[in-house]
Amino acid sequence: MLDYRRPIIRLTATLINGLGQLLFCLSSRPKFVAFDVKSIVVLKFDRLGDSFLAEPVLCALRNIFPDAKLEIWCNQSNAPVFANHPAIDKLVVLTMPDIHRAKLLDFFQLQRIKFLSQRLKAVQADLAVDLQAGPLNVLAMWQAKIRWRVGFKSKLFSFLLTQAADYQLSNNQREVYWSIAKRLGATIDRPEPKLYPDAGDDKTVADFVRQNGLEKFVVFHLSAGRSYRQWPLENFVSTAQALLAQDKQLKIVLIGDQYDLALRQKMIDLVSVGNRFVLAKDLS
């Protein structure tokens with residue numbers, strides 16, 4: 001897991017942004033006029049959990065810009081979170097670096113930046129929103145000459161944005177994402193994140209529950225995309241032991257991807273009641 005709060009990375013971003021602010025201090029930034037926004041592209045090439053927590057921002061965008069065309073561009077891995085969202089007019093699936101698995105230099109490849117920039121130019125969006133805090137996204141938005149470019153302050157190349165929201169490390173991730181909505185003028189209270197499954201999703205879950213004989217169960221996801229979000233395994237273990245002791249009929253479903261297999265097996269070994277666990281295949 002990459003830790004983007006490492007001092008060296010934060011110092012590098014601060015220095016680059018400081019230099020950029022000096023170079024671009026005289027450049028004009030167009031005044032934001034919500035009424036003029038007819039087309040919006042949201043960039044979120046991220047993972048399922050982060051995409052789920054950012055979902056309320058889409059509701060806010062639809063509320064602020066009721067008549068604008070709203071597209072979200074994502075990876076195949078997180079597309080299911082957005083696939084049936086009622087606020088979205090179009091879902092575009094691209095292959096872009098996974099911010100949690102890729103190497104840092106993957107976000108500065110000219111070929112990738114050019115590819116994304118050309119796609120953005122083609123749709124002629126009035127507003128582009130980087131919900132990922134990704135340097136590649138910001139560079140592509142700027143290169144595509146998007147009129148209004150929105151993202152997070154203090155992140156790499158944030159000086160290229162026309163509107164930037166505060167990124168408070170002390171806030172939970174839902175509030176971090178919601179700061180984008182507030183920066184654009186959201187006046188509604190932040191709704192809770194919500195999923196919009198289709199009939200196929202419902203059937204998949206129903207089949208899984210039936211095939212595994214699940215009546216009472218809780219779902220655990222043990223890993224996090226970044227090390228500073230990782231809950232210690234011993235906390236999961238103690239929580240599981242307490243739940244299983246309270247209800248002898250309860251089972252625990254462990255979900256995750258191939259990177260979590262060893263972690264899931266370690267938890268089962270530590271709790272020592274393997275027959276009370278169900279390992280889901282890669283549902284993410």
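## Strand β4, covered on both faces

Strand β4 spans residues 127–130, and both of its faces are covered. Leu127 and Val129 point to one side, Ala128 and Asp130 to the other, and all four residues are buried. In a regular strand, side chains alternate between the two faces of the sheet. This description rests on a predicted model.

What joins β4 to β1? The link is made by 4 bridges, and the two strands run parallel. Strand β1 covers residues 39–44. Within this pairing, Ile40 has Leu127 of β4 as its bridge partner.

Strand β5 (residues 148–152) also pairs with β4 in the parallel sense, here over 3 bridges. Leu127 stands opposite Trp148 in β5. Val129 stands opposite Val150, again in β5. Leu127 thus has a partner in β1, namely Ile40, and faces Trp148 in β5.

## The six-stranded sheet

These strands belong to an open sheet of 6 strands. The order is β3-β2-β1-β4-β5-β6, with parallel pairing. Strands of a sheet pair through backbone hydrogen bonds. Which strands form the edges? They are β3 (90–93) and β6 (163–165), each of which pairs on one side only. Neighbouring strands are turned against each other by 20 degrees on average, with direction ignored.

Helix α2 packs on this sheet. The helix touches β1 and β2 (69–74). The direction of α2 makes about 170 degrees with that of β1.

## Lys153, between β5 and β6

Lys153 sits in the loop between β5 and β6. Is this residue buried, partly exposed or exposed? Its relative accessibility is 41%, so Lys153 counts as partly exposed.

Lys153 and Ala164 are 11 residues apart in sequence. In space, their C-alpha atoms are 5.1 Å apart. Ala164 is also one of the residues that Lys153 touches, leaving out those up to four places away in sequence. The others in that set are Ser158, Ala165, Asp166 and Tyr167.

## Helix α2 against helix α6

Helix α2 (residues 48–64) also packs with helix α6 (residues 173–183). The angle between them is about 25 degrees, and their axes lie 9 Å apart. That angle is why α2 counts as roughly parallel to α6. The crossing of α2 past α6 is right-handed.

Which residues meet here? From α2 come Asp50, Leu53, Ala54, Pro56, Val57, Ala60 and Ile64. From α6 come Gln173, Arg174, Tyr177, Trp178, Ile180 and Ala181. The residues of this contact divide into 10 nonpolar, 1 polar and 2 charged.

## Gln173, a buried residue in α6

Gln173 lies in helix α6. Is Gln173 buried or exposed? Its relative accessible area is 14%, so Gln173 is buried. The cut-off for buried is under 20%.

Apart from neighbours within four places in sequence, Gln173 is in contact with Asp50, Leu53, Tyr167 and Arg229. Asp50 and Leu53 are among the α2 residues that meet α6. Tyr167 appears elsewhere too: Lys153 touches it.

## The three-stranded sheet

A further open sheet has 3 strands, in the order β7-β8-β9. The pairing is parallel. The edge strands are β7 (216–221) and β9 (277–279), and each pairs on one side only. The twist from one strand to the next averages 25 degrees.

Strand β8 covers residues 250–255 and pairs with β7 in the parallel sense over 6 bridges. Val218 has Ile252 in β8 as its bridge partner. Helix α8 (residues 233–246) packs on this sheet. The helix touches β7, β8 and β9. Its direction makes about 180 degrees with that of β7.

## The chain as a whole

The protein chain has 9 helices and 9 strands. Of its 284 residues, 45% count as buried. How are the contacts spread along the sequence? Among contacts between residues at least 6 apart in sequence, 65% join residues at least 24 apart.

Methods:
Residues numbered from 1 in each chain as written. Predicted model: local features only at pLDDT ≥ 70, side-chain atom pairs only at ≥ 80, totals over all residues. Heavy atoms only, no water. Axes fitted to C-alpha atoms, helices over the stretch in contact; angles between N-to-C directions. Parallel < 35°, antiparallel > 145°, perpendicular 65-115°, else oblique. Left-handed = near helix turned anticlockwise from the far one by under 90°. Contact = heavy atoms within 4.5 Å. Nonpolar A, V, L, I, M, F, W, Y, C, P; charged D, E, K, R; others polar. Pairing = 2+ DSSP bridges. Buried < 20%, exposed > 50% of the residue type's maximum accessible area, 1.4 Å probe, protein only.
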